[in-house]
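Hello,

Here is the structure you will be taking over. Please look at it first, then read the notes underneath.

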2 protein chains.
Amino acid sequence: MSADFYGFVAAFLTTIAFLPQVLRTYRTRSASDVSILMLLLFITGLFFWVVYGLQAHSLPVLIANLITLILNLSILAMKFIYSEKRNL
Amino acid sequence: MSADFYGFVAAFLTTIAFLPQVLRTYRTRSASDVSILMLLLFITGLFFWVVYGLQAHSLPVLIANLITLILNLSILAMKFIYSEKRNL
């Protein structure tokens, strides 16, 4: 197998991995066990990956990280919305 | 700024992001809001990134993903241990 094959499988898996987390958080209306600092660091890092993808003209890096960024922003948004509702 | 600069910042942030999650899970003894399917897909993806790093002789990819892999394996292990303890 070529290195690129492993790279594509890796990028696919680490991108779609966050979809079950989005669905779980939506279903359970809870993300209190998810570290807010993790989300903020990870989202900032993904933003830099997107910038890197643009600057290095790497479409796979750009697309994979853009999707991961959107999924993690959804988790962050739900964490805020659901924790606020519990405090009402 | 060069593309590489953004790449290094990105790799650093998306690697250390999981440290607060490890610490939170250890402190709260709970990871029930963390999707098991997310962890399994992400860990499998990280394993492929490590293989890609080895095959493509990319030390930054190898090191960053090896650290992220170890951190996520710790979260997975704690998820199992703490959920089992609650069921006793």
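The notes below cover how the chains meet and how the copies are related.

Please keep in mind that this is a predicted model.

The contact between the chains draws on 36 residues from chain A and 36 residues from chain B. Putting chain A and chain B together buries about 3,200 Å², and carbon and sulfur atoms account for 72% of that area. On the chain A side, the residues that lose the most area to chain B are Tyr6(A), Asp33(A) and Phe48(A), which together make up 20% of what that side buries.

As for polar interactions, 13 residue pairs are in polar contact across the interface of chain A and chain B, counting pairs with both residues at pLDDT 80 or more. The count of salt bridges across this interface is zero.

Three helices of chain A each supply at least two residues of the side that touches chain B: H1 (3-16), H2 (18-28) and H3 (36-55). H3(A) gives the most, with twelve residues. Sorted by class, the side of chain A that touches chain B has 23 nonpolar, ten polar and three charged residues.

On symmetry, chain A superposes on chain B after a rotation of 180 degrees with 0.0 Å of shift along the axis, at an RMSD of 0.0 Å. The two copies are therefore related as by a two-fold rotation axis. Within chain A, Asp33(A) has the C-alpha nearest the axis, 2.6 Å from it. The copies meet through the same surface, because 100% of the interface residues of chain A are also interface residues in chain B.

Regards

Notes:
Residues are numbered from 1 along each chain as its sequence is written. Chains are lettered from A and ligands numbered from 1 in the order in which they are written. This is a predicted model: local features need pLDDT of at least 70, side-chain atom pairs count only at pLDDT 80 or more; totals for chains, interfaces and linings use all residues. Side-chain values use heavy atoms; hydrogens and water are left out. Contact means heavy atoms within 4.5 Å. Buried area is the accessible area (1.4 Å probe) that two parts lose on being put together, summed over both. A salt bridge is a side-chain nitrogen of Lys or Arg within 4 Å of a carboxyl oxygen of Asp or Glu. A polar contact is a pair of N or O atoms within 3.5 Å; within protein, one must be able to donate a hydrogen and the other to accept it, and residues adjacent in sequence count only if both atoms are side-chain atoms. Helices (H or I, at least four residues) and strands (E, at least two) are DSSP runs, numbered from the N terminus. Ala, Val, Leu, Ile, Met, Phe, Trp, Tyr, Cys and Pro count as nonpolar, Asp, Glu, Lys and Arg as charged, and the others, Gly among them, as polar. Copies are superposed by least squares on the C-alpha atoms of residues with pLDDT of at least 70 in both.
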